[in-house]
Amino acid sequence: MPAEPVAPPAVTEDDPGGRTARRLVAVVALAAVLPALYLPGLVHDFFDLKIYMRAMDWWSAGHPLYDYVQPDRVQGALYFTYPPFAALLLRPFALLPLGATIAIFTVLTVVGVVVTTRWLVLPVIRRHDLPALFSVTVAVLLVFAVESTRETLTFGQINMLLVVLILGDLLFAVPRGRRWAGVGVGLAAALKLFPGIFVLYLLATRRWRAAVVAAVTATLATLLAAAVAPGDSWRFWTHELWATDRVGRTDYTGNQSLFGLLSRITAPDKPSQLPWLLLALLVAGYGLWRAARAARAGDALAGLTLTGLVGGLVSPITWTHHLYWFIPAVVVLLDAALDADRGTVEGARRRRWLLVLAVGTGFVIVYGVVTFQDWGVAPARTDDLADFVVRNAYVLLSLLLLAVLPARRRPPEGAVTPAGNGH
């Protein structure tokens, strides 16, 4: 009796070896792209950090801190523009060799990127049962690919320190009602003015105690700096704070704020203050209203993301390295897309829309607005629609996300997710 033919082994989805190989290829491919993205930014050569250190040397020599100035081919002249408390923390670095300071800032930024990215994606990974190590690795590599991260690293900026303080506060301390909730936001606001928008967020979400703690922390840090450097502190808060020309040309394409958009329309003239103030108030009111609604629905990540986008829009100067907040926006979009019910027509449509928006946002923030474009040194108006869109890409994307970023579901009663999100 002839032997029955043996059927070939069935191909199943359970192919751990193949999956691992594909994931490894994806990680290596992403890592291989990073040098090409960073190559144009190498010309920055830690430019901002070098300004900080030269200003600290100038200050240590007995000169007024805010008299420090150096020429720049694009901006004309650049000054030290941070609050006195930031100068107080930067001053010890002037005692180190410049190479050591650059290494410390770079390592701290890299660590900050890894830590904050894990905070953002781990709750999504757990909810949707995604492969943890692979997902975190891909997410970290993608965050390093984003223009704001590249600019932070190559300029030697302190933005990731601020992000760590803000996210640690608003994703952990505030949702869990910790006694020290608000300290991170307060310290960030004392170091740089931009994070002050998150104090307004705490007020809008009726986190009264955390808002008071944030305000008191910022005030105490500012008073400490005033006790150490009273003359420089008085000068900063009464004069330099209001001199926007000290931080560079507002019409330069790297300034991705509403005021920057208006400045590029009216260049070389300055835009009228009244229309900008009205527009900024409208955007701030709407954005904080949406942020407060998201927070009340239990979605802390969407709430703080919307607030960060508001801060970038209404600040007179918002350089590209300030705009970290697109990164959590992509996380929110992807999480909401994974939540959408693919079994219904409406759910499938919503899923596609959210994925398209997430991928589109990712493309814009990786390609960026300044890395691969030379916008010249002279003021130039945005004369046509294409030029307007390209030179204001982050502003327009921020406005779009402010309108459509979803707030996700509230968690079960009593549940606390690692990121304090609404699931």
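On a 1 Å grid over the protein atoms alone, a cavity is a set of points where a 1.4 Å probe fits but cannot get out, and a pocket is an open set with protein on both sides within 12 Å along at least five of seven lines; lining residues have an atom within 4 Å of a point. Grid points are joined across faces, edges and corners, and a volume is the space filled by probe spheres set on the points.

Keep in mind that this is a predicted model, where local features need pLDDT of at least 70 and side-chain atom pairs count only at pLDDT 80 or more, while totals for chains, interfaces and linings use all residues. Residues are numbered from 1 along each chain as its sequence is written, and side-chain values use heavy atoms, with hydrogens and water left out.

**Stop 1: the cavities**

By that rule you'll find three cavities of 30 Å³ or more. Start with the largest cavity, at about 110 Å³. To see its walls, select Asn 159, Leu 162, Val 163, Ile 166, Lys 192, Phe 194, Pro 195, His 322, Tyr 324 and Trp 325. Colour by class (Ala, Val, Leu, Ile, Met, Phe, Trp, Tyr, Cys and Pro are nonpolar; Asp, Glu, Lys and Arg are charged; the others, Gly among them, are polar) and this lining comes out as seven nonpolar, two polar and one charged.

Now go to the second largest cavity, which holds about 50 Å³. Its lining is Thr 109, Ser 148, Thr 149, Thr 152, Asn 159, Met 160, His 321 and Tyr 324. Helix 6 (147-155) and helix 7 (159-173) are the elements that give two or more residues to this lining; helices (H or I, at least four residues) and strands (E, at least two) are DSSP runs, numbered from the N terminus. Helix 6 gives the most, with three residues. What is the split by class here? Two nonpolar, six polar and no charged.

**Stop 2: the second largest pocket**

Next, the second largest pocket, with about 800 Å³ of space. Of its 28 lining residues, Val 138, Ala 139, Leu 142, Val 330 and Leu 334 are the closest to the centre, so to speak your selection for the middle of the view. Then show helix 1 (16-38), helix 4 (98-128), helix 5 (132-145), helix 15 (326-339) and helix 16 (345-367), each of which supplies at least two lining residues. Which helix gives the most? Helix 16 does, with eight residues. The lining divides into 24 nonpolar, three polar and one charged.

**Stop 3: two helix pairs**

Leave helix 16 on screen and add helix 18 (residues 393-404): their axes come within 11 Å and cross at roughly 155 degrees. Axes are lines fitted to C-alpha atoms, for helices over the stretch in contact, and angles run from 0 to 180 degrees between N-to-C directions. The two helices are therefore roughly antiparallel (under 35 degrees counts as roughly parallel, over 145 as roughly antiparallel, 65 to 115 as roughly perpendicular and the rest as oblique). Their crossing is left-handed, meaning that the near helix is turned anticlockwise from the far one by less than a right angle; clockwise would be right-handed.

Now pick helix 9 (197-204) and helix 10 (208-228). Their axes come within 8 Å and cross at roughly 155 degrees. That makes helix 9 roughly antiparallel to helix 10, and the crossing is left-handed.

**Stop 4: backbone oddities**

Most residues other than glycine have a negative phi, and most peptide bonds are trans. Zoom to the loop between helix 9 and helix 10 and select Arg 206. Arg 206 isn't a glycine, yet its phi is positive, about 60 degrees. Is Arg 206 buried or exposed? Exposed, with a relative accessible area of 58% (buried is under 20%, exposed over 50%, partly exposed in between; 1.4 Å probe, protein chains only).

Phe 46, in the loop between helix 1 and helix 2 (47-60), also has a positive phi of about 60 degrees. Phe 46 is partly exposed, at 22%.

Next, jump to the loop between helix 12 (258-266) and helix 13 (273-296), where Pro 268 sits. The peptide bond from Ala 267 to Pro 268 is cis, with omega near 10 degrees. Pro 271 is in that loop too, and is buried at 8% relative accessible area. Try a distance from Pro 271 to Gly 260, 11 residues apart along the chain: their C-alpha atoms are separated by 9.2 Å.

**Last stop: a long span**

Finish on Val 25 in helix 1, which counts as exposed at 55% relative accessibility. Draw a C-alpha to C-alpha line from Val 25 to Ile 265: the two are 240 residues apart in sequence and 45 Å apart in space.
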